[in-house]
Amino acid sequence: MKYISTRGGVEPKSFEDVVLTGLAEDGGLFVPEQLPKFSIEEIASWSVLSYEELALKIITPFVGGSIPEQDLRQLIEKSYAGFRHEAVAPLIQAGHNQWILELFQGPTLAFKDFALQFLGNLLDYILAKRDQKVVIMGATSGDTGSAAIEGCRHCKNLDIFILHPYERVSEVQRRQMTTVLADNIHNLALHGDFDDCQNMVKASFADQSFLPEDRQLAAVNSINWARIMAQIVYYFWASLALGGPHKKVSFSVPTGNFGDIFAGYLASQMGLPIEQLVIATNQNDILHRCISENDHSTQPLQQSLAPSMDIMISSNFERLLFDLYDRDGEQIAKLMADAKNGHMKLSDTALAKARKLFSSYRCGDQGMVDVIRSTFDDSGYLLDPHTAIGLAAARACSNNKSTPMITLATAHPAKFPDAVKEAGYPEDPALPPHMADLFEREEQYTVLDNDSQVVQQFIAEHITS
Ligand SMILES: *Cc1c(COP(=O)(O)O)cnc(C)c1O
């Protein structure tokens, strides 16, 4: 299988190249030239498979023969072996035809583990085969950094440098990153905010001359194709558990950069019968405004109690637009220029196509806190703030009460004690046993000035050989 850019300006690339590259040279995002399609009979035959076996079925066609099946199977098994629940992604019933898919059973308690556990193993495998080493550089406001570090801690062929804004990530999130003590893991706390961290990473990707000759930068942010690919699996998994594919299901997805829900869209394009995909946003609601009233104007970032969804523009939305505009790269390049300037309008045709599958809902901090409180009062189940927004959207948008509606639970509540306490929960929600001693563990990180020379010199000096 080959991959093309959403802006149409690059030659098709192999799976391995795409995984190592991140962004295409024309500024676009990589998508498969053609999606694999599965028949209903074939999907139905998968209902007996384990999560890992199902993942192998779904991922194999994307890899397009570049990894032997036996190796791919091992990579997948290794990636999900550290999940605490035997089902990997268990379903919980939250009401009549309302379900919660717990995607936080991985090592860092957020759904990002599904993608980053796999991506770490995959990168290390590809690099070993090529006898190559890379430097991963990324910025984080919390969840991505810890999941990426956890995914890379055992990798032999890479160093990872994660920048977080000094004293501006929660203590749980910081400790999840800084207590991973391995020679190839480097935590940098930058005097600045998340945007400063992100700009530093962007500038370093643009000019990599600070690196030794034999190294290049690789990205593990949410535009990396392999991350999206790994997330397709749990849509099939949840459907199969609830009567699919003979019965349709719907999903509500707490959305930031549109990576997670885009994987759901891909599942439907690959043959999984999905009735509705609900885009759930917090007060940073550009996607909700776009779908509901064709208003994709950028607005200043608002800090919310569901910080992993605090975005101004959702980078992976471009991948959906590419399909909505019949894969016309030139049109997408124009649209993205408009989006960057703060004003993008979709054509009536594109919007109508999107609305056939997608609906959207916005839930601010107050609504979110109310959902955490009422859910806990009613059932004793404690939601994290992102999941609570998803559940609010699921209830508001469901247009067929006989179709199972599945809310993706993207994080464990213990990661976001502020929101949970705001909802009236009397104490810090307990961390699961494997992390119970998180606050006693030794931390290691370096505080640096917001100065690219300082940061880049630090990186150059700390690359392991
Ligand atoms: C990253 C994240 C999201 C948003 O996911 P996208 O793929 O960026 O839409 C939602 N919830 C949590 C807890 C996250 O960590």
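Student: Hi! Which strand does S7 pair with over three bridges, and in what sense?
Tutor: Happy to help. In this predicted model, S7 pairs with strand S15, residues 446–448, in the parallel sense over three bridges. Within that pairing, Leu-190 sits opposite Leu-448 in S15.

Student: And how many bridges join S6 to S7?
Tutor: Six bridges join S6, residues 158–165, to S7, and these two run parallel. Phe-161 stands opposite His-186 in S7. To get from S6 to S7, the chain passes through helix H7, residues 171–178, making a right-handed β-α-β crossover.

Student: OK, is S7 largely enclosed or exposed?
Tutor: Largely enclosed by the rest of the structure, because six of the six residues of S7 (residues 185–190) are buried.

Student: Which way do its side chains point?
Tutor: Ile-185, Asn-187 and Ala-189 point one way from S7, while His-186, Leu-188 and Leu-190 point the other way. Both sets are buried. Alternation between the two faces of the sheet is what side chains do in a regular strand.

Student: Switching topic: where is Asn-184?
Tutor: Asn-184 is in the loop between H7 and S7.

Student: Buried or exposed?
Tutor: Asn-184 has a relative accessible area of 8%, so it counts as buried, the cut-off being under 20%.

Student: What does its side chain reach?
Tutor: The side chain of Asn-184 reaches the backbone oxygen of Cys-152 at 3.3 Å. A polar atom of that side chain also lies 3.1 Å from the backbone oxygen of Leu-158.

Student: Which other residues does Asn-184 touch?
Tutor: Leaving out residues up to four places away in sequence, Asn-184 touches several, including Arg-153, Cys-155, Asp-159, Ile-160 and Thr-464.

Definitions and conventions: Residues are numbered from 1 along each chain as its sequence is written. This is a predicted model: local features need pLDDT of at least 70, side-chain atom pairs count only at pLDDT 80 or more; totals for chains, interfaces and linings use all residues. Side-chain values use heavy atoms; hydrogens and water are left out. Buried means under 20% relative accessible area, exposed over 50%, partly exposed in between (1.4 Å probe, protein chains only). Helices (H or I, at least four residues) and strands (E, at least two) are DSSP runs, numbered from the N terminus. Two strands pair if DSSP finds at least two bridges between them. A crossover is right-handed if, with the strands pointing away from the viewer, the path from the first strand over the helix to the second runs clockwise. A polar contact is a pair of N or O atoms within 3.5 Å; within protein, one must be able to donate a hydrogen and the other to accept it, and residues adjacent in sequence count only if both atoms are side-chain atoms. Contact means heavy atoms within 4.5 Å.
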